[in-house]
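Grab a pencil and open your viewer. Here are a few exercises on an interface and on empty space, each with a worked solution.

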Amino acid sequence: MNEPDPMTTSNRLSSAFAKNHPALVCFVTAGDGDTAANLDALVEGGADVIELGMPFTDPMADGPAIQKANIRSLGAGTTTADVLRIATEFRARHPDVPLVLMGYANPMIRRGPEWFASAAKDAGVDGVICVDLAPEEDADLGPALRARGLDLIYLSTPTTDDERLPAVLRGCGGFLYYVSVAGITGKQSALVADIAKNVSRIKRQTDLPVAVGFGVRTPDQAAAIAQVADGVVVGSALVELVGDHGADAPARLRELTAGLAKAVHSAARAPRKEEKA
Amino acid sequence: MTESTPNSFRNQPDERGHFGDYGGRYVAETLMPLVLDLEREYRAAQADPEFQREFDDLLEHYVGRPSPLYFAERLTEALGGAQVWFKRDELNHTGAHKINNCIGQILLAIRMGKTRIIAETGAGQHGVATATVCARFGLPCVIYMGAEDVRRQSPNVFRMKLLGAEVVPVTSGRGTLKDAMNEGLRDWVANVHDTFYIIGTAAGPHPYPELVRDFQSVIGKEARAQMQDRIGRRPDLLVAAIGGGSNALGLFHPFLDDPDVKMLGVEAAGHGLDGDEHAASLLGGFPGVLHGNKTYLLQDEDGQITEGHSISAGLDYPGIGPEHAWLKDTGRVEYTAITDEEALEAFQLLCRTEGIIPALEPSHAIAAVAKRAKDMPKDSVILANLCGRGDKDIFTVAERLGVEI
Ligand SMILES: Cc1ncc(COP(=O)(O)O)c(C=O)c1O
């Protein structure tokens, strides 16, 4: 659980955050609708990082939109093998776009951390976000992922104070995901001033890029957050389009993503962490 | 898995909340600082004689403890083997052991300055117990209950409302107990500043499994002393039903280091362990992570959680407290399962032999007692936890027996 070895961290993820503009991170659930077409639409719209949701029966950190996406996906019979196949095919079509699996611990550790880490590696995945894996339980996934050069991306929240932050950062690689509201995914959103304060608080302790998510729905919100962060994550708003528009979803996703990308990419680059004194 | 025998079975969990390979803290980061706070506050409460005094006082004068230890003479005769004794926790205020834990947790909530209480419930027993202590202490209370359970358990829903609780039917997922727990966790994440989550069984993120066990251990502590008083020795076998495992741990824990006392935990076999229609996480599940802890779960090969089934709504949960997972692997406690049919028979047997209408949960324990007692000598002693009374279940039983009421 040391600092990730710089030689083994994902090149795709680090280059996405090394562009001269903030990164747009887009989430959809695997197996919900025509996922390949949905993912292509996100890339065409200008997403810099793709988060692919692994469906789970009990998504307890998610609001209604993503809960429904999980139910639709599992209802359609999506398996872990399907999720990995979607990732593998995505990687073949888009060799340079970073791909992160996001989900809950149980499906990830069901066959053991080594199995999951090597399957994810083989599928061309760059990083993993595990919502209910507290840093205290890093041993369940972290070592297996990091040994294969995959990043385990941890989340920090408004309740993660300065004293606790080092515990979150210890095993974290790729970027830090700042959850801007104390709540579930969905519609509430935080004040940009609060986000700015928290991001700079985090940046005093790490060189990792900080992406901000939860409650970001519109290009205007995204633009404002992109002023103060290295990346902006959008999930529920995209997932709702998948739920509402069936076969037309890819076109709608492309349109919303393009608007978000324009807003995020034209924001002034967040100042990097001040040099350590 | 742990193969070696520990020196004591009573010194779990470790400082990070692990019972061997199980337990731990698997929650969204938003909750972690709160869960750490709760642990600090619990340690302080444990060291505070005033906290213990208040807990004991409420248990005595509000709950009605100690609960009696009762020799079931006619049941013993009917079974023709070991003497059967019951710890009568069904005589507690609100009719089950659940209130022991709720008293402890609401005192912790007050200590932490929390002003709003939430809980999940399946059959409604934990919901009623939580609503009861909230009324007693004047705190607002929100109970999450699967929509399907709200329909099936309308008397308990009405009880909770009479007690001033808001009952929220949960339609997400499949509208059962695990979905109610998910919804409770979602509420908690969004209201961490003022809300305390009273978890109803010995499961969830550390320190819940430990503190629920400790509050419920009053059952075993009393029973140990009462047995000594009445027969001058410890029982040979303890038996308890297991949903999440709190009444069983409450009885077992004080006896874990007595090598002469064997223990049997009874899971719900529903329609039988060979199909999918059961709620036996230990006997029919695999280790995994859900609702904050690592433990045995009913799940498929991809780690998707499957629904349990039991005639008893209080046993119908796809997980189990992590300490039981550890006690199973170490071999200290034996686990078995009882079908719906067997539980129904035991329910009726106790009604007729002892004049006690048990809840369907302990009816599973009674069925296991009936199987074991026969093969044990007449001077041996079984102590079973009669953890709930059956008033809430008469509608289910009538339906199963084809009687219209
Ligand atoms: C009477 C009774 N017994 C047992 C249980 C199962 O819970 P546990 O295993 O935590 O004791 C319940 C749960 O609702 C109950 O109401």
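Three exercises follow, each solved step by step.

Before you start: this is a predicted model, where local features need pLDDT of at least 70, side-chain atom pairs count only at pLDDT 80 or more, and totals for chains, interfaces and linings use all residues. Residues are numbered from 1 along each chain as its sequence is written, chains are lettered from A and ligands numbered from 1 in the order in which they are written, and side-chain values use heavy atoms, with hydrogens and water left out.

**Exercise 1. Describe how chain A and chain B meet.**

Step 1: count the residues. Chain A and chain B each put 37 residues into the contact (heavy atoms within 4.5 Å).

Step 2: get the area. The two chains bury about 2900 Å² between them, with 48% of it on carbon and sulfur atoms (accessible area, 1.4 Å probe, lost on being put together and summed over both). On the chain A side, A:M60, A:R110 and A:E137 supply 22% of the buried area, more than any other three residues.

Step 3: look for charge pairs. There are four salt bridges between the chains (a side-chain nitrogen of Lys or Arg within 4 Å of a carboxyl oxygen of Asp or Glu). One of them joins A:D58 to B:K178, at 2.9 Å from N to O.

Step 4: sort the chain A side by element. At least two residues each come from α3 (64-75), α5 (105-109) and β6 (155-156) of chain A (DSSP runs numbered from the N terminus: helices H or I, at least four residues; strands E, at least two). The largest share, four residues, belongs to α5(A).

**Exercise 2. Find the largest pocket and say what lines it.**

Step 1: size it up. The largest pocket holds about 600 Å³ of space (on a 1 Å grid over the protein atoms alone, an open set of points with protein on both sides within 12 Å along at least five of seven lines; lining residues have an atom within 4 Å of a point).

Step 2: go to the centre. Of 28 lining residues, B:R152, B:Q153, B:I311, B:A313 and B:T396 are the closest to it.

Step 3: trace the lining. The helix α16(B) gives the largest share, five residues.

**Exercise 3. Now do the closed spaces.**

Step 1: count them. The whole structure has eight cavities of 30 Å³ or more (sets of points where a 1.4 Å probe fits but cannot get out).

Step 2: take the largest cavity. Its volume is about 400 Å³, and among its 32 lining residues B:K98, B:G200, B:T201, B:G244 and B:G314 lie nearest the centre.

Conventions:
Grid points are joined across faces, edges and corners, and a volume is the space filled by probe spheres set on the points.
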